[in-house]
Amino acid sequence: MTSEREPTEEESPVDQQASDGRGWRGEAFDSREDPALRTDGGAAGADDVTLDPWGSSTVADYRKLFEDFGIEEFDEVLGEIPDPHYLMRRGVIFGHRDYRRIAEAMRDGEEFAALSGFMPTGDPHIGHKLVFDELIWHQKQGGDTYGLIADLEAHSARGMTWEEIDQHARDYVLSLLALGFDPDDGELYRQSDNRVLQDLAFELGIEANFSELQAIYGFDGETDVSHMQSVVTQMADILYPQLDEPKPTVIPVGPDQDPHVRLARDLAARMRYFGVTEAYASFEATPEERDLIGFAYDQLREETDGDVRCEDAAEWLRDHRPTPVEARQSAVEKLEAAGKEPLRPRVRLLDQRADEDAFEALIEAVGGEKRVYDAHVDAFEMDRTEAEELAREVELDHGGYGFQMPSSIYHRFMTGLTGGKMSSSIPASHISLLDDPEEGYDKVKAATTGGRETAEKQRELGGKADECPVYELYAYLLAGDDDEFAREVYDECVGGERLCGGCKEQAAELMREFLEEHQEKREAVEEKLDELDISFDAAER
Ligand code: TRP
Ligand code: SF4
């Protein structure tokens, strides 16, 4: 039943387009016109894309994520963000779901939240730094910001011991603070000691069932229950910022987490007491049928002074044969069954999950002409936005959550320094934020490049910055906010003025500096750890 639910207005892609702030454009540097700042890091060329939160995710072709999974291109919202982060400007953040409402909230000075989580399975590395930076940036833009340690998940899905988890949790938090997260303004927590979170997970678990987890994650009879529990816990994480009150919330993650985001969006909608949709008559219609009926209604209204009956619309559809055929046929059947009932546009508020009191209160609250049915009420003098607001108000008054659908943004995975995938299990492929600065220097010096076989050829043909892990380091991290610098490296590389030896030396030195500075800051914030509301002694519990 729930899967047939109509998207509410704020969820409907059509409606979002209507409110996408057309005409507004930030002054921001737009990377679309400057492919120089784009990089594929050499990941192009492999085949199928699967998104597995616990598998080894490489994405060969980011475009497939738009087509196959319905992730939207980040470029399309970039212009609506007041002062976009460099990871956004450079296309490192390449995709999103529903980020428009976050951009809107930022522009209008309205409340919004950002949350992400980290599985403490190893040292934090420069890939995690992307997410740390994204959280910190949203915090600086005024968002309520949450960072969580997914220790239940690490324990159940990755078999980490509590000792290991404690150590890594501490390291993640230190780096997050060192990079600028403000713990007084935001919240840090561990899944395992957040009781409110666990209660929410339990509630959400009532709406999720095994077949669904099976379909989404490939779980089967062998999957342990705690692993499943870690999924509902993550659902609770994602909705946690809305416990005080519903608000737009962005989840910055890698695209491997998209299955979680989709489930969380679905659950957020299914937890709602009421659904809001539009209708023309007392019977239920699918969205396609409704479009066709609306079309017929609009045509006939002109001719008949507004007095259109269901049977007239049936006849019109039979005569004019608009597509899709199946929807037309079923619409005609429904319209014929309704016979002389007049067609009238209305907003329909459906009881999805409300108790009797709440549904009664909703009926009461609907103003103007209305018609009450078993599990819905039709309002004739209300527009959809008003109905949405009313439905949420009544839900909140009656103990519901009133969740908004969470939004997400997706960043590209970094390419490993040795080519291929950046992996925590291959030390030379990544740089840990805890690596000795000299070691960081050495790893960059030893990295593969997009350079040509000889200096001569490089001067002649230019380097392949787009396929170069070293260029990626500049774009993702070393150039920081300095677009000029990133562009200079790129132009010089592809123009043949830059040779890999010198380029790597410069990158290696910058990396050493970054690590030195970061580790100093980690030490400096260490004393703050005790003041935090987060503990690092789960092993002793
Ligand atoms: N599953 C995430 C990972 O593997 C960690 C995580 C837990 C998370 N809860 C979250 C991420 C909520 C984003 C939002 O890294
Ligand atoms: Fe990569 Fe620099 Fe060589 Fe260009 S010059 S291919 S960016 S290492």
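Student: Which residues come nearest to ligand 1?

Tutor: A residue is near a molecule if one of its heavy atoms lies within 4 Å of it. In this predicted model, 14 residues surround ligand 1, and Met-119, Glu-153, Gln-234, Asp-237 and Gln-257 come nearest. Local features need pLDDT of at least 70, side-chain atom pairs count only at pLDDT 80 or more, and totals for chains, interfaces and linings use all residues. Residues are numbered from 1 along each chain as its sequence is written, chains are lettered from A and ligands numbered from 1 in the order in which they are written, and side-chain values use heavy atoms, without hydrogens and water.

Student: Which side chains have an N or O atom close to a nitrogen atom of ligand 1?

Tutor: A polar contact is a pair of N or O atoms within 3.5 Å. For Asp-237, a polar side-chain atom lies 2.7 Å from a ligand nitrogen. The corresponding distance is 2.8 Å for the side chain of Gln-234 and 2.9 Å for that of Gln-257. The protein covers 92% of the 360 Å² of accessible area that ligand 1 has on its own (Shrake-Rupley method, 1.4 Å probe).

Student: How many disulfides does a search of the whole structure find?

Tutor: A disulfide is a pair of cysteine sulfur atoms within 2.5 Å. The search finds 0.

Student: Is Cys-493 buried or exposed?

Tutor: Buried means under 20% relative accessible area, exposed over 50%, and partly exposed in between (1.4 Å probe, protein chains only). Cys-493 has 13%, so it is buried. Cys-500 has 22% and therefore counts as partly exposed.

Key: Polar contact = N/O pair within 3.5 Å; in protein donor to acceptor, adjacent residues only side chain to side chain.
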